[in-house]
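Got your viewer open? Let's walk through this one selection at a time.

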Amino acid sequence: MLALALKKAFPGFRLEVALEVQEGEVLALLGPSGSGKSTLLKLVAGLLAPEEGYVCFAEADLTPLPPERRKVGFLFQDYALFPHLSVADNIAFGLLEARWPKAAREERVRELLERMELTPHARKRPTELSGGEQQRVALARALANRPRLLLLDEPLGALDLRLREELLLFLRKTLKEERVTTLLVTHDQGEAFLLAQRVALMREGRIVQVGRPEEVYARPIDPWAARFLGHKNLLSPEESRALGLPPKAHLLPPKALSLGGPLEATVEERLFYGPRVGLWVRLGGVRLYLEAGEGPGEGERVGLSLDLAQAVAWEG
Ligand SMILES: Nc1ncnc2c1ncn2[C@@H]1O[C@H](COP(=O)(O)OP(=O)(O)OP(=O)(O)O)[C@@H](O)[C@H]1O
C-alpha cells in the first residue's frame with residue numbers, strides 16, 4: 001500500500017493531502033490547472049521535499065530517501081529524456097542500472113518499442129522525434145523496469161486522438177496485468193475514469209472528494225465538483241421548482257433526459273461531437289442539456305422525457 005500525508009507551501013499556494021492507495025490500484029488525481037497535482041506527484045517521487053509529512057510504500061518509509069532510491073517509475077511533463085542517448089538506450093537506461101541480463105534487457109526494450117510504435121525510431125536521438133514520440137519514449141522508460149509504484153503526470157498529454165486512444169488502452173492493460181500501484185495525474189476526466197479504480201478530485205491543494213469513477217460522477221460533492229466533471233444541468237431552487245422538484249438546488253445527470261416524450265421543448269443549440277450530439281433545449285423557462293445519437297436541428301420543437309428520480313439534491 002502507498003500511504004502518504006504531506007504538506008507543502010509555495011507563495012500563494014498550500015498543499016495539504018492525506019491519501020492511501022492499495023497495492024495494484026490505479027488512483028487518478030483529477031483537478032484544474034494549478035490545483036497541486038504535479039506538486040503532489042513530485043513530493044511522492046522525492047523531487048520536492050515536504051515541509052511536513054511522510055510517504056510510505058509497501059511498509060517502507062520513503063520520506064528520507066532521494067528519488068533514485070525510491071524505486072519508483074515516473075513520467076513527468078517535461079519528459080527529460082537523455083539527449084545523448086538513442087531511443088532504445090533511453091528505454092534501457094533503468095534496466096542497465098538495475099543490472100538486467102543483456103538478453104532480458106534487449107527483449108524488454110524490443111517489446112516496448114513495438115507496443116509504443118517506436119521500432120523505426122530505435123536508433124534516433126530524442127531531438128529527432130516529435131513531441132508525441134518523445135512522450136512515448138518517456139512512457140516506455142517509466143514502465144521498462146516493471147516498477148511496483150508508478151507516477152504518471154499527464155502521460156498521454158501530447159498525443160493525437162488515435163494514438164491517445166490506443167495508448168490509453170495499452171496503458172490500462174499494462175497497469176492491470178503488471179498490477180502496478182499507480183498515481184496518475186490528469187485533467188482529462190475520460191482518461192481518469194478509464195484508467196483508474198478510484199479518482200481523487202483536487203482543488204486548491206486539497207483533495208475534496210475520492211471514490212470510484214461512477215460514484216464521483218453520479219454524486220459530485222458540490223456544484224464546483226459537478227461543473228469540473230462536466231455536468232451541465234445544475235438547477236437553481238427556482239429552476240428545480242419549475243420542473244416539479246422540491247425548491248432546492250439539484251443536479252440533473254444528462255441521462256435523466258431523453259428525446260421523445262410528453263414534454264415540449266425547443267432546441268436552442270445543437271453541438272455535433274461525432275458519435276453523438278449535444279443538445280441545449282429550453283423547457284418552459286429552464287435551459288437543459290442532453291445527449292443523443294442524432295439530433296434535431298436548432299429551432300425545432302421536440303418531445304422530451306424527464307426522469308426526475310435521477311435528480312440529486314445538494315446537501316445544505
Ligand atoms: N517550484 C515552485 N515554486 C513556486 N511555486 C510553485 C512551484 N511549483 C508549483 N508551484 C505553484 O504551485 C501551484 C500548484 O502547481 P502544480 O504544478 O502542482 O499544479 P497542477 O495541478 O499540476 O497544474 P497543471 O495541471 O497546470 O500542471 C501553482 O500555483 C504553481 O504556480
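Before colouring anything by burial, fix the cut-off: a residue is buried if 20 or more other C-beta atoms lie within 10 Å of its own, exposed if 12 or fewer, and partly exposed in between. By that count, 35% of the 316 residues of the protein are buried. Keep in mind that this is a predicted model.

**The whole chain**

Start with everything shown as a cartoon. You should find nine helices and 17 strands in the protein. Taken along the principal axes, the C-alpha atoms fill a box of roughly 70 × 45 × 35 Å. If you like contact maps, take the contacts between residues at least 6 apart in sequence: 62% of them join residues at least 24 apart.

**The ligand shell**

Next, select the residues around the ligand: F10, F13, G31, S33, G34, S35, G36, K37, S38, T39 and H187. What does the shell look like when you divide it into nonpolar, polar and charged residues? Two are nonpolar, eight are polar and one is charged. Now colour by secondary structure and look for helix α1, residues 37–45. Helix α1 gives the most to this shell, with three residues.

**Along α1**

Stay on α1 and switch to the burial colouring. The helix is mostly covered, with seven of its nine residues buried. The ones to pick are K37, T39, L40, L41, L43, V44 and A45. K37 and T39 therefore turn up in two of your selections, as buried residues of α1 and as part of the ligand shell. Step just past the end of α1 and check the backbone of G46, where phi is positive at about 90 degrees.

**V17 in strand β2**

Now select V17, which is found in strand β2, residues 13–21. Is V17 buried or exposed? V17 has 21 other C-beta atoms within 10 Å, so V17 is buried. Leave aside the neighbours within four places in sequence, and V17 is in contact with L6, L40, R206 and I207. L40 is one you have already clicked, among the buried residues of α1. For a distance check, draw a line from V17 to R227: the two are 210 residues apart in sequence and 22 Å apart in space, C-alpha to C-alpha.

**Two helices crossing**

Move on to helix α2 (residues 87–97) and helix α3 (residues 102–115). Their axes come within 10 Å and cross at roughly 130 degrees, so α2 and α3 are oblique to each other. The crossing of α2 past α3 is right-handed. To see the contact, show A88, I91, A92 and L95 on the α2 side, and R105, R108, V109, L112 and L113 on the α3 side. The residues of this contact divide into seven nonpolar, no polar and two charged.

**The loop between β4 and β5**

Last stop: the loop between β4 (52–57) and β5 (60–61), where you will find A58. E59 is in this loop as well. Which phi values do they take? Phi of A58 is near 50 degrees, positive in a residue other than glycine. For E59, phi is near 65 degrees, again a positive value in a residue other than glycine. On burial, A58 has 13 other C-beta atoms within 10 Å, so A58 is partly exposed. E59 has 7 C-beta neighbours inside 10 Å and therefore counts as exposed.

Terms used: Residues are numbered from 1 along each chain as its sequence is written. This is a predicted model: local features need pLDDT of at least 70, side-chain atom pairs count only at pLDDT 80 or more; totals for chains, interfaces and linings use all residues. A residue is near a molecule or strand if its C-beta atom, placed from the backbone, lies within 6 Å of it. Helices (H or I, at least four residues) and strands (E, at least two) are DSSP runs, numbered from the N terminus. Ala, Val, Leu, Ile, Met, Phe, Trp, Tyr, Cys and Pro count as nonpolar, Asp, Glu, Lys and Arg as charged, and the others, Gly among them, as polar. Two residues are in contact if their C-beta atoms, placed from the backbone, lie within 7 Å. Axes are lines fitted to C-alpha atoms, for helices over the stretch in contact, and angles run from 0 to 180 degrees between N-to-C directions. Angles under 35 degrees count as roughly parallel, over 145 as roughly antiparallel, 65 to 115 as roughly perpendicular and the rest as oblique. A crossing is left-handed if the near helix is turned anticlockwise from the far one by less than a right angle, and right-handed if clockwise.
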